[in-house]
Structures are given as C-alpha cells and as structure tokens.
Amino acid sequence: MTNPIESLLAQFPLAILDGALATELESRGCDLKDPLWSAKVLIEQPELIYAVHYDYFAAGADVAITASYQATFEAFARRGLDTGQAAGLMQRAVQLAVAARDDFWQGLSAEQRALRPRPLVAASVGPYGAMLADGSEYRGHYELDEAGLMAFHRPRLEVLLAAGADLLACETLPCLSEARALARLMEAYPGACGWISFSCRDAEHNSQGERLRDCVTALAPFESVVALGLNCTAPEHVPGLLQSVRGATAKPLLVYPNSGEQYDAGHKCWHGPADSEQFALAAGRWQREGAALIGGCCRTSPADIAAVAALLRPAAG
C-alpha cells in the first residue's frame, strides 16, 4: 500500500487541508437547502465546485476534500437517479478536484513547486447519518450495527476508490463502530487507504460520547488508516482533544474544526465572529499540540486557509 500522507509528511512536517466546501458554495450563491447538500451542486453547477477547489489550492491547501460527503446511492435514488447516474456523479466529484489540482500545479513555476508538496485529493466519505439528513452524524447511536454500516458504505467506497483520488477522507464520524466499519472495508481493498475523522462534542468525547482516545487506540492497528483525528467540531475543543490522544497512536493526527461561529438551527443561520487571523493563530497551537494535518470545516474559507498557510508554511518548509 502506498501511503500518500506518509510520503507528504516525510518532506514537509505539516499538511494544510482545505476548508469548507458547502458553506463556501453557499457564499457564492448556491442554495443548499437540500438533503443532497453540496452533492446537489454536482448536478447543477459542477464548475463552481472546481472553482472552490482551485481557490483552496491557490490559498495554500495541500489536500482537497471532494464534494462526495453526502453523495450516496440512496440519496441520489430519492432524486430519481439510477445506480449508474449516481456512480457517475460520485466520480465527477473526484474528477473535479483532480482537474483543479492538476491545473493549479501546472501553473506553478519550478521554484513555487519546491516550496510545497504536490497537492492530494481525498475523496470524502460522509457518515451514514449524512445520508439520513437528520443530524445523526452529530449524535450517533445508529440503528445499524457494524456489519450493516459496512454494507451501506461498501458500494460507494468501491466507486470512489476507482475514481482516481489519492486517498479517502472518512469524516464527521460520530462513533467508533462506523469508523471501524470503514477501516475494515479499506483493509479489504488492496491499495486503499484513508483517514478517519470524528465529530466531537467536547474536549474528550466524540459525538456519541465515546472517549476519542479509546477510538484512536482501537483504530491504530489498521494499516489502511493513514491519519486519525477530528473535524466539524468547535475549535475551542481541539487542544483538549489533541492532548487526550497524545501517545495513543504513532499515526499522524489531523484536525479541521469549524470556524467557531455558532449555528442557530431554529433560524437556520450562523452567529458569531469569523476571524481568519485568530483561526490561524489557533492552528498554530494545534500544530504545537501535535497535529500534522490542519484545515477547516464548516464556515471556513479560502481566506482562513491562506492565513494558516501564511503563518505555518515557513515552519513546514
């Protein structure tokens, strides 16, 4: 198995991930009030997804996460799309990110390329709860057991693994059973690898209430898991979470939390300050706490990633 994260970190001590895709698309005029979320844009305006990926690379991202988080056969079927059409859209999600990466990299000079790694494309694998579109990726306690979760994820993994991504981004997972299901699936496919990232509710526990340290310890033996960490979590919890898993694994740790703004579910809007400089300063602390892959999730933007790159890239190169 080729481990692209290991290869990247062997040359550069820090990998900068991209930021939010869906909320960035919303800021560019997309209406994502839809169970498909950003996958809706794959159908309607794929060129916007390409543009967002490109802008994140230009901002300094070393890894793009594809628009396949909520792209599942079940969700597309509810929109009247058959299996072949759904698979084609999942493949398109990867192809758009790969095209943006290749076009961006082609436009750099040799001197510019020497200062950063050639970016990677991570195919997003959202949790079972994302397909349900009822918020259960932030609660866990699914009705499906581990075998059922493997059966749910297997068809999409097969499509994404064949689509040309460098690795998988198994993200916003609320519980260990789903993470272990995905790790077991990746082990079953030669050459497959990816990271596992949990949504967390406080400075010690994932969304279902399990200790993050216990989850990291349980997943450490899986060779296909190339990094472990958290995303879609309040940034104030990140230092404690990183401290809680210290020494639990030799695998690289990754964090890409939300911007720090608070979502008002009743009014369907966000409140609070968004400050790229403060986000970058926080990212510096996350790096000091042991994170080797750092980016942003909901409500972060290319400006946030540019601020992180401006502050941390010298330390990485």
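A residue counts as buried when its relative accessible area is under 20%, as exposed when that area is over 50%, and as partly exposed in between. With that yardstick in hand, the charged pairs of this predicted model can be looked at one by one. Arg 28 has a relative accessibility of 29%, so it falls into the partly exposed class. Its partner in a salt bridge is Asp 55, and the closest N and O atoms of the two sit 2.9 Å apart. Asp 55 belongs to helix 4 (residues 46-59), while Arg 28 is found in the loop between helix 2 (22-27) and helix 3 (39-44), so this pair ties together parts that are 27 residues apart in sequence. Asp 55 is partly exposed too, at 30% relative accessible area.

That pair is just one entry in a longer list: the structure holds 13 salt bridges. The general idea is simple enough, as side chains of opposite charge can pair when their charged atoms come close.

Another of these bridges joins the side chains of Arg 101 and Asp 166, with 3.3 Å from N to O. Arg 101 is part of helix 6, and Asp 166 is in the loop between helix 9 (146-161) and strand 4 (167-173), so here the parts being tied together are 65 residues apart in sequence. The two partners fall into separate classes of exposure. Arg 101 has a relative accessible area of only 4%, which means it is buried, because the limit for that class is under 20%. Asp 166, at 28%, is partly exposed. The story doesn't end with two residues, either: Arg 101, Asp 102, Arg 118 and Asp 166 are linked in a network of salt bridges.

A further bridge brings together the side chains of Asp 214 and Arg 211, at 2.9 Å from N to O. Asp 214 comes out at 39% relative accessibility and so counts as partly exposed. Arg 211, with 34%, is also partly exposed.

Now for the nonpolar side of things. The largest nonpolar core is made up of 86 residues. Inside this core, the residues with the most contacts are Leu 25, Ile 196, Phe 198, Leu 219 and Trp 286. Helix 6 (residues 83-106) is its top contributor, supplying nine residues. This is the helix that also carries Arg 101. Apart from the largest core lies another one, of 23 residues, including Leu 8, Phe 12, Val 63 and Ala 122.

Definitions and conventions
Residues numbered from 1 in each chain as written. Predicted model: local features only at pLDDT ≥ 70, side-chain atom pairs only at ≥ 80, totals over all residues. Heavy atoms only, no water. Core = buried A, V, L, I, M, F, W, Y, C linked by side-chain atoms within 4.5 Å. Buried < 20%, exposed > 50% of the residue type's maximum accessible area, 1.4 Å probe, protein only. Helix = DSSP H or I, 4+ residues; strand = E, 2+ residues; numbered from the N terminus. Salt bridge = Lys/Arg side-chain N within 4 Å of Asp/Glu carboxyl O.
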